[in-house]
Amino acid sequence: MTGFFTLLHKELLRFWKVGFQTVVAPMVSALLYLLIFYHVLEAHIEVYPDVAYTTFLIPGLVMMAVIQNAFANSSSSMIQSKISGNIVFILLSPLTYREIFFAYILASMARGLLVGLGVYAVTLIFFDTPVLLPLWALLFVLLGSAILGALGLIAGIWADKFDQLAAFQNFIILPLSFLSGVFYTIHSLPIGWQYLSHLNPFFYMIDGFRYGFFGVSDISPYISLSIVAICLIAISYLTIWMLRTGYKLRH
Amino acid sequence: MLPAIAIKQVSKRYGNVQALIDVDLDIHPGEFFALLGPNGAGKTTLISIIAGLTLANSGSVKVMGHDVIADYRQARLNVGIVPQELVFDPFFTVREILQMQSGYYGIKNNTRWIDEIIERMDLTDKADANMRALSGGMKRRVLVAQALVHKPPVIILDEPTAGVDVELRQTLWDFIKQLNRDGHTIVLTTHYLEEAETMCNRVAMLKAGRIVALDEIQNLIGKMSGGRSVRLRLLPDRLPEALLPLEINRSNDMHELRIDGYAQLESILSTLRSAKIQILDIQLQQPDLEDVFVNLMRNNGNLAQ
């Protein structure tokens, strides 16, 4: 287990040492979203009865911060190591592929949670947003960050250059998170878009997480939980397979 | 005796390029072994397969009896690899890197040994400097230090002295020699044949993915080179009749004569004297590994068995 803990520690240190860029900066951008949407939309939209728009928006923004940072952590760590070549130190070591998997995923979860918690804590200064069912919220934040950590690992292993990773991030992760209902409830969408939203796994993470805040959601939290859990298992299997076979890592 | 590294029938293909073809090689514990060959001969591929960084298409490799695929954890615990590229992690200091490296190998409190390798690699001043701030030679030392944190019985160095200044090269070799004396098996690749000649017991020469020579250096030189010779410049510029059968080469105004031993010089000199031929210049030619190398790479010679 020493090997696993060392790699986990290293991955945590890696983002902690540049915490301004990896933790504070994403918090600032999430808060900018909040201020802009609060200013523009607060008076015009009510998504759930008795839930102000900003209050609705906050869990969405928190979850989006979690998702994007969990992904950014494992993907940037992996591709930097690959491109600079220092991934060999991990590949040469007796670490098992499971140890590598869990260390990267847990570090991603930690960064996602840290940023998410930071965003939430700062919003509390301005807006009172209590968490009605904290265990539900925690469950979704853990599962969501784990999925994105694994996706980040997949993207980092798959991409041969930063360009490809940016494409993965900008054409897959970003649209899926923006279109997952962070800023709106999918019931406000035309019926066709509602169906499409149901194909977006990020929708279930955000909807389930929001259920933890308000006890209300677009669909049953149990359905969301099942879908998110299945996604995590499937993506983890894929990631572990890539690590075990040495896909793009061992030639 | 169990070989330190046992390579059996290893082949590796990259697309259409056959990087290694049925390579068989046993390296014994305690050896100081060199893998030689021109660029693209397959040296780094072979090392990468031993390290588990590259997967062979067929064949097997064992390190201290552990298969590098099936039993990869044990195999990797038994080998330390110094990669050819100057790779480093820019987030950490030298000491942090070495502590992490120990951790990867399951070693918790390694401070004493880390201190010792830092000192022996002459890195004490730089121990708490970030990797980015180090010169190329310093980074090379850290790479060697990293390969040693888990005290592996087998140490493999892929061109450890490439781009390293003379002074560091000397320190590095002294240190590696010391490791060999301490019982570590050393395998290295190098382009500097004179280094291999002075340091190693045995060499394998690779050419286009095959081992074309595998022997102790002295045997190789004996087998492959034309033996000793003497080069003479004469006045007048002609060889006496009696010496003509000895001539093996003539370039410009130098005559090269094969000799079986230095004792033969005496008779050559006296023949010249009695023919009233003056010697303007004389050079003794001692064959070295470079001759063997050049011969092998030029011809299709195969001395592997």
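Which residues touch the most other members of the largest nonpolar core? In this predicted model, they are Leu61(A), Ile50(B) and Ile156(B), and the core itself holds 149 residues. Helix α3 of chain A, residues 53–84, gives the most to this core, with 16 residues.

**Chain B as a whole**

Let's step back and look at chain B. Chain B has 305 residues, of which 39% count as buried. Ten helices and 14 strands are found in chain B, and its C-alpha atoms fill a box of roughly 80 × 45 × 35 Å along the principal axes. Among the contacts in chain B with a separation of 6 or more, 70% are between residues 24 or more positions apart.

The domain assignment splits chain B into domain 1 (5–222) and domain 2 (228–286). The C-alpha centres of domain 1 and domain 2 of chain B are 45 Å apart.

**A sheet of six strands**

Next comes a sheet in chain B. This open sheet has six strands in the order β6-β7-β8-β3-β9-β10, with mixed pairing. At its edges stand β6 (79–82) and β10 (210–216) of chain B; each has a single partner strand, so one side of each is left without a neighbour in the sheet. On average, neighbouring strands of the sheet are turned by 15° against each other, direction ignored.

Here are two of the strand pairs, each with one pair of facing residues.

| Strand pair | Sense | Bridges | Facing residues |
|---|---|---|---|
| β3(B) and β8(B) | parallel | four bridges | Leu35(B) and Thr189(B) |
| β6(B) and β7(B) | parallel | four bridges | Ile81(B) and Ile156(B) |

Is the edge strand β6(B) covered on one face or on both? Both faces of β6(B) are covered: Val79(B) and Ile81(B) are buried on one side, and Gly80(B) and Val82(B) are buried on the other.

Helix α1 of chain B, residues 43–51, lies across β3, β6, β7, β8 and β9 of chain B, and runs at about 145° to β7(B).

Now return to Ile156(B), one of the core residues from the opening question. Leaving aside neighbours within four places in sequence, which residues is Ile156(B) in contact with? They are Ile47(B), Ile50(B), Val79(B), Ile81(B), Val82(B) and Val187(B). Ile81(B), on this list, is also the bridge partner of Ile156(B).

**A residue in strand β12**

For a contrast, take Arg250(B), which lies in strand β12 (residues 247–251) of chain B. Why does Arg250(B) count as partly exposed? Arg250(B) has 13 C-beta neighbours inside 10 Å, and a residue is exposed with 12 or fewer and buried with 20 or more, so Arg250(B) falls in between. Not counting residues up to four places away in sequence, Arg250(B) touches His255(B) and Glu256(B). Arg250(B) and Arg231(B) are 19 residues apart in sequence, and the distance between their C-alpha atoms is 8.9 Å.

**Where the two chains meet**

Finally, how many residues of chain A are in contact with chain B? There are 22 of them, in contact with 23 residues of chain B. On the side of chain A that touches chain B, the elements giving two or more residues are α1 (2–16) and α4 (88–92) of chain A. Of these elements, α1(A) gives the most, with six residues. By type, the residues on this side of chain A divide into eight nonpolar, ten polar and four charged.

Terms used. Residues numbered from 1 in each chain as written. Chains lettered and ligands numbered in written order. Predicted model: local features only at pLDDT ≥ 70, side-chain atom pairs only at ≥ 80, totals over all residues. Domains from an automatic or database assignment. Contact = placed C-beta atoms within 7 Å. Nonpolar A, V, L, I, M, F, W, Y, C, P; charged D, E, K, R; others polar. Pairing = 2+ DSSP bridges. Axes fitted to C-alpha atoms, helices over the stretch in contact; angles between N-to-C directions. Core = buried A, V, L, I, M, F, W, Y, C linked by C-beta atoms within 7 Å.
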